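Trainee: Could you walk me through this model and show how each label on it is earned? I'd like to see the values set against the cut-offs.

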Amino acid sequence: MHSCLVEKPERTEDLAQLLARLKDAYGVNETAIARRIGVAPATVNSWVHRTRGTGRGPNKDKLRALAREFPRFTEAEVFAAAGRESPGPLSPDAEARILELWRGLTEEQQRAKEIEMRALGEANRTGQ
């Protein structure tokens, strides 16, 4: 039987360890990281000290912001440290193709696909 599940890349370090390397590499503190990616310093502190509380860790936008603001660390590396797979790229051509396919669906089919896409996104966030 063929499975649709994709194995996660093996994680060699967690987000706290990556952030420690990032702080050393860029000579920044948690407040500077927070400011550059648009979160509260307490949020970065919770990642560093592995005290996420009720949250699930950084969302994909914050992970992408880390990679963008601190380019010595690739998006794939940042996502892997957070225990998540990197979202696939969306080129303008791919976006146009998806939109064209979407427009060919009935309203009911669009609702069903939206539910499916939300479920896939949630599975990516929770690591399932």
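Mentor: Sure, what follows is a round of questions and answers on this predicted model.

Trainee: What makes up the fold, and how many helices and strands are there?

Mentor: There are seven helices and zero strands, so a DSSP run of at least four residues in H or I is what each helix had to show. Along the sequence that reads α-α-α-α-α-α-α. The protein has 128 residues, and 27% of them count as buried. As for contacts with a separation of 6 or more, 56% of them involve residues 24 or more positions apart.

Trainee: How do you know that α2 and α3 meet, and how do they cross?

Mentor: Helix α2 covers residues 30–37 and helix α3 covers residues 41–48; their axes come within 8 Å and cross at roughly 115°. The crossing is right-handed. On the α2 side you'll find Glu 30, Thr 31, Ile 33, Ala 34 and Ile 37, and they meet Pro 41, Val 44, Asn 45, Trp 47 and Val 48 of α3. That contact divides into seven nonpolar residues, two polar and one charged.

Trainee: Why is the pair Lys 23 and Glu 30 called a salt bridge?

Mentor: The cut-off is a Lys or Arg side-chain nitrogen within 4 Å of a carboxyl oxygen of Asp or Glu. Lys 23 and Glu 30 have their N and O at 3.3 Å, so the pair passes the 4 Å test. The structure holds eleven salt bridges.

Trainee: Which of those two partners is buried, and which is partly exposed?

Mentor: Buried means under 20% relative accessible area, and exposed means over 50%. Glu 30 has 15%, so Glu 30 is buried. Lys 23 has 22%, so Lys 23 is partly exposed.

Trainee: What makes Arg 64 and Glu 75 a link between parts of the chain?

Mentor: Their side chains meet in a salt bridge, N to O at 3.6 Å. Arg 64 sits in helix α4 (residues 60–69) and Glu 75 in helix α5 (residues 75–81), so the pair ties together parts that are eleven residues apart in sequence. Arg 64 is partly exposed at 26%, and Glu 75 is partly exposed at 28%.

Trainee: How are Lys 113 and Glu 116 placed along helix α7?

Mentor: They are three residues apart in α7 (residues 107–126), which means they are separated by about one helical turn. Their closest N and O atoms are 2.6 Å apart, and they form a salt bridge. Lys 113 has a relative accessible area of 36% and is partly exposed; Glu 116 is partly exposed too, at 39%. Elsewhere, salt bridges that share partners join Glu 13, Arg 21 and Glu 77 into one network.

Trainee: Which residues of α3 are buried, and what covers them?

Mentor: Val 44, Ser 46, Trp 47 and Val 48 are buried in α3. The cover includes α1 (15–26), α2 and α4.

Trainee: What makes up the largest nonpolar core, and which residues have the most contacts inside it?

Mentor: That core has 23 residues, and Ile 33 and Leu 66 have the most contacts inside it. The elements giving two or more residues to the core are α1, α2, α3, α4 and α5. Leaving aside residues up to four places away in sequence, Ile 33 touches Leu 19, Leu 22, Lys 23, Val 28, Val 44, Leu 66 and Phe 70. In soluble globular proteins, nonpolar side chains tend to be buried together.

Trainee: Why is Arg 50 called exposed?

Mentor: The bar for exposed is over 50%. Arg 50 has 52% relative accessibility, so Arg 50 counts as exposed. Arg 50 is in the loop between α3 and α4.

Trainee: And what is the phi of Arg 50?

Mentor: Arg 50 has a positive phi of about 55°, although Arg 50 is not a glycine. Most residues other than glycine have a negative phi. You'll find this one just after α3.

Key: Residues are numbered from 1 along each chain as its sequence is written. This is a predicted model: local features need pLDDT of at least 70, side-chain atom pairs count only at pLDDT 80 or more; totals for chains, interfaces and linings use all residues. Side-chain values use heavy atoms; hydrogens and water are left out. Axes are lines fitted to C-alpha atoms, for helices over the stretch in contact, and angles run from 0 to 180 degrees between N-to-C directions. A crossing is left-handed if the near helix is turned anticlockwise from the far one by less than a right angle, and right-handed if clockwise. Contact means heavy atoms within 4.5 Å. Ala, Val, Leu, Ile, Met, Phe, Trp, Tyr, Cys and Pro count as nonpolar, Asp, Glu, Lys and Arg as charged, and the others, Gly among them, as polar. Buried means under 20% relative accessible area, exposed over 50%, partly exposed in between (1.4 Å probe, protein chains only). A nonpolar core is a set of buried Ala, Val, Leu, Ile, Met, Phe, Trp, Tyr and Cys residues joined through side-chain atoms within 4.5 Å.
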